[in-house]
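Me: I would like to go through this model and ask, term by term, what justifies each label. Please set every value against its definition before concluding.

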Amino acid sequence: MSARWTQTAAWRGVLLFFKFFFVSLLCGIMFLPFIWMICTAFKSSGEVEGAHFWPKLFSPDNIRIVLKMIRDPFTKEYVNLSLAKWIFNSIFVASWVTTLQVFTSCMAAYSFSRIQWRGRDKVFLLYLATMMIPGMVLTIPRYQVMVSLNMVNTYQGLIIPAAFSAFGTFMLRQFMLGIPQSYDEAAEIDGANHVQIFLDVIMPLAKPGMITLAIFTFLGNYRNLMWPLIMIKDAHLRTVPIGLLSFQGQYGAQVELLMSATLICLIPLIIMFVVMQKQLVRGISLSGGVKG
Amino acid sequence: MRKFLIGTVLLLVCMSVVARLLVPRPPDDGKVSLVWTTDPNPQRDPQVEWFNKLYPDCALRIDPDNADGTKVIMQSCAGMGPDIVGRVFEGVFQSYYEAGILMDVTDVAEEMGFGLDTLPENIRPLVTMDVLMDDGSIQSRQFTYPCNVSHQFIMYNKNVFDAAGVPYPPDDLTWEQYLEISRRLTVMDDKRGVPKVFGAAGTLTDVVIYSHGAEFLNEHGTRCIMDSEEFVDALVFYHKLFYEYGAEPTPLQKAGVSSQGGWGSGYNNWFGEGKIGMIWGERWKLISFRRFITEQKKARQKWLEDNPGADPSGGPQILRMGGCQVPRFRDGVRYTSVGSRGAAVNAAGPNRDKAIQFLQYLASEKYSRLINEGSDSKPGNVKYHSLDQFVNPDWPGEEEVHAASLRAVQYGRARRRSMLINSAVLNAEFNQLRSKLEATPDMTREMIADELQRSAHRANLVIARNIKRNPRIREMYDALLANGAEPISLNLEEVE
Amino acid sequence: MAALWKGNREKKHFLAAMGFLSLNVIGFLLFTAGPVLLSLVMSFTNWSLKKSVDLRWVGFRNYREIFAEGNFWFYLYNTVYFMLGIPFAICGSLLLANMLVDSMQMKRRSMRLRLAAILVIVGALTCGFLFTSGRPDPALILAVIYIGAAAGVLWGSVSYRTMLYIPSFASGVATIILWQQIFNPYHGMANNILGNMSGWLGIEPNLPTWLNSTKSLLGFLPLPATFSNGGFGLGAREAIMIMGFWMGIGGNNMILYIASIANIPQDLYEAADIDGAGGAGKFWHITVPSVAPTTFFIAIMATIGGLQGGFQFARIMTQGGPAGTTTTLAYYIFTKGFVEQELGYAAAVSWILFIIVFALTLVNWKYGNRKMEAVT
C-alpha cells in the first residue's frame, strides 16, 4: 500500500514543494550575516553599530571610497589600498598553486590507490600523519628552508611550498578508491602501461574529484593568511587577505570601509565558484554515465 | 581535456609575464636605502620627508606590514630584518634585546647628542637595559631612542561637567574626589540599564597599583611580588571601580553603548560625543579630538543656519577640554605611568652607521617640532618640552591639556624590569588575570588573592628556571646577589 | 632492494609507483617531512629565538612541564569542547548534500519561467508593502528568501549550492568582525532575534552576553577553578561554535558529499525502489553506506582541523578570553612559540597534540576501513 501512494505525482509535488521551501528558508538564514555585511557596506559610519539591516541613509560612498573614486571625507585623501593589484596577486598565486597541486596530488594519489606495492599503506599513513602536526610549529623551519632557497618575499615562495599537499593526495586517493578495479585491469590486458591507464582511464573518471580539489585549493589559497603573512615583505606582492589586514590596521575603526573592500574582493571568487561549479556538475554526470 | 590543459598553461604563462612586468624596479640613484618598520600613521609622511631632506644620502621609507614583533624577530634571525626597528614598546623591548636584534648605542649616542641626558629621568629606564659587563659590573646601556614619550594624565569634557553642574576637577586630584565626581557625572539610561554618560573611563592599572604602594617586582627584579597585601588591595580597588563605584565602564556596559550618530566605538569617540566625563590619556588623543571638533563646528554652523534666532546655548556642542593629574589617595603619593615608543638600530643591519643618524634625527629640533605640532604625545628630548612649543595656534583651547601634560612629567614612574624574566611573560600573566577581573562581577577578595598567589608563583618559577637553565642569566643573578639583591623565592636546587 | 618486489611484474609496478610519487615526494620531504622531523627533535631541546639562549638537549623536560601545568588541560578541554559540534556539522552537511544532489529543476522550461515569475511578483509585492510601511528589515530578509526560491526554480540546486557555499569562503578578517557585531549583547543581531522571539512567546529571558560570558552548555560540570567555568548557559564558546557552523555546514564537506552521492550507481536506488523502500530507507541503507569513504575522509580531516583549530577566532575575536575560555591548543602553541618564543615548548605541545590526533585517526582508520569493506 505505502509504496503506491508515495509514488503518486501529487505526493512528489508536495514533497518537492516542502524541499524548496525548506532549502530557501535555510539559505535565507545562512545568508543573513552576509546580508548584514552588504548592508554595512552601504551604511554611514554612524550607523555601523546599529541593530538594523537596511541603511537609514543608503549611499554607495563607501564603495566609491575604496575604489578610490572619491576621497575619504575625514582625512581628505584617497585611501591607501590597491584592490586590483591584490586581486591579481591572489588570483595569480592561487591559479599556479591549484594547477600544480592538482597535478602532483593526482599522480601521487594514483600511486597510492591504483598500484599495488609493498609498504604502500604505511607510506601513505606517514603522509597522513604529517597533516596532524599543527602547522604553526612548522612555520619557522619552513621559513628557514625558504631562506636557504632564496625564495622569501617572492611569488615562488608563495607558490612552491603550497604545490605539494597531503590533503589533496588524501582526497584524490579516496576518490580513486571508489573507481572499480576492473577498468584498469581491462586496460592492462589490452597492453596499456601505467602512464596510459593514468591519462586515459583514471584521470577522466576522477575528473569530479579533481575539480572539487581545484575549487578547494583555489578558494583556500585565494584567502590564505598565515603563510603569505610571513613570506611577504614588499607591498607589491600583497595578496587580498594581507592587503585587507593592513587596510584594517590603518582604517580599522571604519568598519564600513573594510566591509566594502571585502565585498569587492569576494566578487572574483563568486564568479570563479559559479563557473567551476558548472564544471563540477558536468563532470559528475559524465562519470555517472560511464558507471550507470 | 587536452585543450583545457593547454589553455590553462597558456593562461598561467601570460599571468606570469604580467606579474613580472608589474614588479617595481628600485630607483638607482646611489642613495642608501633605509627601512623603518612602524605604523602607517599619516604623521609619518612629513617625518620621513624631513629626514630625507636633512640626510640627502639616505632614502628612508616606512614598512608598516612588517612591524609586528614576531615578524621582526623572525626576519632579523634570517638576516632580513629592517634597518630601523620601530615600535619598540616596553612589551617587546626585552624580547628584541634577547633576540640580539638591538644595537648598543650608548657611546655613540653621547657623541651625537641623543644620550640619556636629553631624556626625562623617568623615561631613561625605558630606553636602557641592564647589561652584565665583562668586568662583572652591571651597567645601564642605551639601546633605543624614543619617537615619543607619554606621561598619563586626565582630560575632561567641560560640556559634560557643565551639564551635570559639577565643578571642574582640581589639578591635584585625589581618588576620593575622583570617585565622587565620577558618581555625579554618571547618567543612567533607565530603559536599557546602561549609563548614557560615564563619569570616567580608561583607568590605568599601573596607577592604581602604584597608588597602593604595590609593585610587580622587588627592587632588583629577583622576585615577583604580585602576591603582596598591597597588590591585593590594589586589585580589589580596581575591581570595585567597575562593580561598586561605577567609575569605569564594565565590558558589558561598553558593549551596550549605542554609537548611533557618532564616529564609531571606543573611549575617544565617546569622550568626543560627550558620553564620558573624564578620560585617561596623553596628548596624542588630541589627534582624534581635533577631528571631532572640525566635524562639530560644521554641525553647529549648519544648526545655526537652520535655526536662525535660536538660543545660542542650545544645538550641537563643540568639545571643550581641560586637564588634571591622575588621582592619588588623600595621604598618598602620586605616580603616573610612563610610556615610550622607541626606535632602534638593527644590530645585524648592513647600514648601521646611516641608521644611527635616524636616532639622532629623533632628538633633533625639526623632528620634535613635528611631534609637537601634530600633538603625538611628547618628543623625547626635554629641550622641546614647553608650553609655547606644545601650543598649536591652529587649535586654540588646548592650553589646559598641554599644561597638564607638562606637569604630569614629574609624577612619572616606569614599571620595574627584571633581567631574569621577560616582561612580556609577566604581562601576559597579569593581563589574563585582569581580563578575568573585569569580566567577573562577583569576585571576592579571597578569589583575587588566590589568583595573584598563583600568578606570582608561576612568575617566580619562570625566574628560577631561567636562572637554572640559562648560564648568562645565572651570571646576571650572581652579580645581582653580589650587589646585595634579595635571593629568589624558590629553592634553586628543587627546580629542574 | 630485492625485498621490495617479487618478479618482473611487481618490479614494473613498483618503479611505476615511485615514478608517479617522485614529484610529490620531493616537495613533501622538503617542505613537510623535514620541518616535521626538525620539530620533533626540537621538542626535546630548549629551542628559542633568543640569541642569549644556547641550544641544549633537555630530554623530556618540556613534556613533563606541559603535564605539570594546569593550563594545558584547560586548553585541551576547550579544544575538545569545540570539537563536540563536529558530528552535528557533518550530519548537517550530509543532509544538505542529499537534498541538493539532484539538479532540482523542473523539466519544462516554460513551467520554470512561469513559477519564477510568480515568485518574483509575489515577493516584490509583499516586500514592497513591508518596505513602504516602514519595516525595511523584514522586507529585506523575506526578499532574500524569495530571491533564493526564484533562483532555485530557475537554475535548480546550483543556485542553492552557491548561496550555501559563500559563507565558507567569505571567511576572513571582515567576517570575524561581522560576527563580533552580531554577538553584541545589546544591539547585535543574535540577541535582537532572540529578544523578538521571546517577545512573541511572551517570556522575559535573560539574554546571553555571548563573547563576554564564561558560561557554557557543559557549565554544570564540577570542573576545577582554573577552568574558569561560569555555569550553565550560552557563552563565548557557543558563540564561536555557532559561527563555526555557519562557516562549515555549507562548506567543503557539503561539496564533497555532493560529488560522492552523485557517484553512487543509480541501479542501487532502482533496486531499492523495486523493494519498496521509502526515501528515508534509501538514504539510510544506500546513501549513508555508499558515501562511507567520503565520511571517513571528512571525519579524519575534521578531527585534525578541530584539534588544530580556533586560532583565527582567538587571535582576532577574543584574544583567547574571557578568562581563557576560548584559548584552544593552537592558540596556546602560538602564544608559547611566537609571543614567548619558547619554540621547543611549543613543539612539544604540538607533538602531544599529534599523538592525540594520530590515535583518533587510527581508531577511525580501523572503523572506516571495515565499513568500506562491508560496502564493496
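Me: What share of the contacts in chain C with a separation of 6 or more comes from residues 24 or more positions apart?

Reply: In chain C, 63% of the contacts with a separation of 6 or more are accounted for by residues 24 or more positions apart, where two residues are in contact if their C-beta atoms, placed from the backbone, lie within 7 Å. For chain B, the share from residues 24 or more positions apart is 73% of the contacts with a separation of 6 or more.

Me: How do you know which values can be relied on here, and how is everything numbered?

Reply: This is a predicted model, in which local features need pLDDT of at least 70 and side-chain atom pairs count only at pLDDT 80 or more, while totals for chains, interfaces and linings use all residues. Residues are numbered from 1 along each chain as its sequence is written, and chains are lettered from A and ligands numbered from 1 in the order in which they are written. The model scores ipTM 0.80 and pTM 0.84. With pLDDT being the predictor's confidence in each residue, from 0 to 100, chain C has a mean of 83, and 95% of its residues reach 70 or more; chain B averages 89, with 98% of the residues scoring at least 70.

Me: Where in chain B does pLDDT stay under 50?

Reply: It does so over residues 259-263 of chain B, for which the model has 15 contacts beyond four places in sequence.

Me: What makes up chain C in terms of secondary structure, and which of its elements has the lowest mean pLDDT?

Reply: Chain C has 17 helices and zero strands, where helices (H or I, at least four residues) and strands (E, at least two) are DSSP runs, numbered from the N terminus. Among its elements, helix H17 (residues 343-375) of chain C has the lowest mean pLDDT, 79, and helix H2 (residues 61-68) of chain C the highest, 90.

Me: How many residues of chain C are in contact with chain A, and what is the character of that side?

Reply: There are 83 residues of chain C in contact with 86 residues of chain A. Helix H1 (residues 7-42) of chain C supplies the largest share of the side of chain C that touches chain A, namely 19 residues. That side divides into 57 nonpolar, 24 polar and two charged residues, given that Ala, Val, Leu, Ile, Met, Phe, Trp, Tyr, Cys and Pro count as nonpolar, Asp, Glu, Lys and Arg as charged, and the others, Gly among them, as polar.

Me: Why is Gly235(C) called buried?

Reply: A residue is buried if 20 or more other C-beta atoms lie within 10 Å of its own, exposed if 12 or fewer, and partly exposed in between, with C-beta atoms placed from the backbone; Gly235(C) has 25 other C-beta atoms within 10 Å and is therefore buried. Gly235(C) lies in the loop between helix H9 (189-201) and helix H10 (236-248) of chain C. Leaving aside neighbours within four places in sequence, its contacts include Pro208(C), Trp210(C), Lys215(C) and Thr325(C). The C-alpha atoms of Gly235(C) and Lys215(C), 20 residues apart along the chain, are separated by 4.7 Å.

Me: What makes strand E10 of chain B count as largely enclosed?

Reply: Six of the six residues of E10(B) are buried, so this strand is largely enclosed by the rest of the structure.

Me: How do you know which strands pair with E10(B)?

Reply: Two strands pair if DSSP finds at least two bridges between them. Strand E9 (residues 194-201) of chain B and E10 (residues 276-281) pair in the parallel sense over three bridges, whereas strand E7 (residues 153-157) of chain B and E10(B) pair in the antiparallel sense over four bridges. In E10(B), Met278(B) is the bridge partner of Ala200(B), and Tyr156(B) also stands opposite Met278(B).

Me: Why are the buried residues of helix H17 of chain B said to be on the same side?

Reply: In H17 (residues 399-408) of chain B, the buried residues are Val401(B), His402(B), Ala404(B), Ser405(B) and Ala408(B). They cover an arc of only 160° around the axis, which puts them on the same side of H17(B), the arc being that of the directions from the helix axis to the C-beta atoms.
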